[in-house]
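This briefing is written for a reader meeting the structure for the first time. Please look over the sequence and the model before turning to the points that follow.

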Amino acid sequence: MSSPKVADMFPRLLAYARPYYARIAISLIASLGVAAADVTSAKLIQPLIDYIIVDKNYSLVNFVPFFIVGLSIFKGGSKFIQEYFIKTAGQLVVQDIRNDLYRHTLRLSMGFHSRSKAGNLISRILNDVQSLQRSAADVMVDTIRESFTMVGLIGLAFYTDWRLASVAFVVLPLSVVPATLLGRRIREKTKRGQQSIGELTSVLQESINGIKVIKAFGTEPDENKKFRDENWRYYKLLRKVLKYESLSSPFIEFIASFGVAAVFWYGLNRVISGQITQGELFSLSAAILMLYVPMKRLIRVNNVFQKSMGSAERIFEVFDEKPEITDRQDAAEVDKVRGEVQFNNVFFSYGDEPVLNDFVLTANPGEKIALVGPSGAGKTTVASLLSRFYDPIDGSIMIDGLDLRSITLQSLAKNIALVDQETFLFHDTILNNIRYGRPEASREEAEEAARQAYAHEFIEQQPEGFETVIGDRGLRLSGGQRQRLCIARAILHDAPILILDEATSALDTESEVMVQMALSNLMENRTTLVIAHRLSTIMNADRIVVMDQGRIVEEGTHRELLEQSGVYRKLYDMQFRDE
Ligand SMILES: Nc1ncnc2c1ncn2[C@@H]1O[C@H](COP(=O)(O)OP(=O)(O)OP(=O)(O)O)[C@@H](O)[C@H]1O
Ligand SMILES: [Mg+2]
């Protein structure tokens, strides 16, 4: 994925803030209040000293406490309004970004998903958005408030004595240089740190998914080491970020000390020579000293901002991935098709190696075609193309004479049911898993589908029947049971075209028989493309198509193909004769 530039990301982030401009505006107004309160307190030092102490106007003393408390109430109230509105705005922006990112991730094509690490994507959606969230609010609050305060205080300083103020502000621009240098380092290291968090999530996700393999091979220590090493790498990156962050404040203070030193030296001289009053000097010094607070905060904010840009880069990298498979502008909604399937001279490759070479196949509505061939021949690829996980490089695929690219992905999904080796079940009730493709189906319909899939009996035996919650990989069910649930799901989905990628792993005979019966119910009245590994499935097909190296090499019935003594004969001798 290629990195977007900060300058490009900023307007895109800003676009997310647009719906919340009202909140931001309220916060802006309130921050004017906070800034005004700060500037006022600096300004008040002058009359305090000049009128009360120097001119001995003691009657004013009693007003001082009221003024201080009143000012603090005003500042507190303003600060509350400012923070609350800006932080909720930040939170809402981040919510929107996270929702969009998730939606975009789901839209990205199989090609993208097979290339990228799941853990890394999860980490971008959770951790990077989180980090953006944490800093977005801080950045917005502090930038606005501290900038106002700074402008106010600078104004006050110049108003009081522009000559003295100019001395102080000669050094101000100097501090910008180290701040930007440190900021850039922080952004780079943060991005690397977030990558490291992505790796950690990946390791975590893989090891939890593959816990069975880990336990079977006893590789817990290796996995532990992998995790610890990555965690340590993260610490080392973070340590650099912390170093730069901790450096920035002392650095600024060091530079600032020159300004303060110059002001006091020159200022005291001007008081002594009677050009300004004592009160003016104190008021001015207060303004300048107070000024370093917002300045330091702004630099800290810059650090936080750079950090969030590191995360934003990772977020926009995903946004910049364009889905390869999308609905064409004029894509048509189609209802139920009859189920004719045509592959017209299809060429396809995942990379450089051609995988399908001039592949031609027609299936009539209701026909059952068994696709056989050696491993790597391209059988699963044919199924993936029919599901439009990928588009052909050349040639076309049609259902009922309609090019797959001319109908919407939603209508295609409605017309195709896919049952493959990956018997993926969601962490949900059995009922909801069966209803997955058609949530509006009634319980009766779901039960009927389960009955046809020969799953009804074992479901009833579960502690809560159809309401039993099963694990995300259906861990509490046997392999055959999981397959039958997937078949029930496909039956209920009720699509005219069915793609079956048969499991190669043998089930025990009883399960096997039930899965076979369930499958033959499922195949009834549907155009079926079955990638067959079992002799029984092959024999039951209307036609057998033999693939090798991305093209069809033989076609016919079992008997005809055996007589040809070609690829099928060889496959038969190797795999099926014993059955
Ligand atoms: N996502 C992918 N990215 C890159 N190459 C792939 C991908 N999927 C499959 N291939 C390659 O494409 C070729 C055809 O793979 P395919 O999965 O279609 O074979 P198959 O006939 O289903 O094999 P099997 O019987 O072992 O399941 C193989 O050489 C494989 O390495
Ligand atoms: Mg395959």
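Ligand 1 is surrounded by Ser114, Tyr350, Gly351, Val355, Gly373, Ser375, Gly376, Ala377, Gly378, Lys379, Thr380 and Thr381. The model is a predicted one, and its chain is divided into domain 1, covering 6–319, and domain 2, covering 366–376 together with 414–576. The points below take up the ligand shell, the two open sheets, a pair of crossing helices and the placing of the domains.

**Around the ligand**

- The largest contribution to the shell around ligand 1 comes from helix 11, residues 379–386, which gives three residues to it.
- Sorted by class, the shell around ligand 1 holds eight polar residues, three nonpolar residues and one charged residue.

**The four-stranded sheet**

- Four strands make up an open sheet in the order 2-1-4-5, and the pairing within this sheet is antiparallel.
- Strand 2 (354–363) and strand 5 (402–403) are the edge strands, and because each has a single partner strand, one side of each is left without a neighbour in the sheet.
- Strand 1, residues 341–349, pairs with strand 2 in the antiparallel sense over six bridges, and Ser349 stands opposite Pro354 in strand 2.
- Helix 11 packs on this sheet, where it touches strand 1, strand 2 and strand 4 (394–399), and the direction of helix 11 makes about 115 degrees with that of strand 1.

**The six-stranded sheet**

- A further open sheet is formed by six strands in the order 6-9-10-3-11-12, and here the pairing is mixed.
- The edges of this sheet are taken by strand 6 (416–419) and strand 12 (551–556), each of which has a single partner strand, so one side of each is left without a neighbour in the sheet.
- From one strand to the next, the twist of the sheet averages 20 degrees.
- Strand 9 (residues 497–501) and strand 10 (residues 527–531) are paired in the parallel sense over five bridges, with Ile531 in strand 10 as the bridge partner of Asp501.
- Strand 3 and strand 11 also pair in the parallel sense, over four bridges, and the bridge partner of Val372 is Val546 in strand 11.
- Strand 11 and strand 12, by contrast, run antiparallel and are joined by five bridges, with Val546 standing opposite Glu554 in strand 12.
- These two strands, strand 11 and strand 12, form a hairpin that has two residues between them, and Gln549 in the turn has a positive phi of about 45 degrees.
- Within the pairing of the hairpin strands, Asp548 stands opposite Arg551 in strand 12.
- Helix 11 lies across strand 3 (368–372), strand 6, strand 9, strand 10 and strand 11 (543–548), and helix 11 runs at about 145 degrees to strand 10.

**A pair of crossing helices**

- The axes of helix 1 (residues 6–17) and helix 10 (residues 278–319) come within 10 Å and cross at roughly 80 degrees.
- Because angles from 65 to 115 degrees count as roughly perpendicular, helix 1 and helix 10 are therefore roughly perpendicular to each other.
- Helix 1 makes this contact through Val6, Met9, Arg12 and Leu13, while helix 10 makes it through Met309, Ala312, Glu313 and Phe316.
- By class, the contact of helix 1 with helix 10 has six nonpolar residues and two charged residues, with no polar residues.

**The two domains**

- Taken over C-alpha atoms, the centres of domain 1 and domain 2 are separated by 57 Å.

Technical notes:
Residues numbered from 1 in each chain as written. Chains lettered and ligands numbered in written order. Predicted model: local features only at pLDDT ≥ 70, side-chain atom pairs only at ≥ 80, totals over all residues. Near = placed C-beta within 6 Å. Nonpolar A, V, L, I, M, F, W, Y, C, P; charged D, E, K, R; others polar. Pairing = 2+ DSSP bridges. Contact = placed C-beta atoms within 7 Å. Axes fitted to C-alpha atoms, helices over the stretch in contact; angles between N-to-C directions. Parallel < 35°, antiparallel > 145°, perpendicular 65-115°, else oblique. Domains from an automatic or database assignment.
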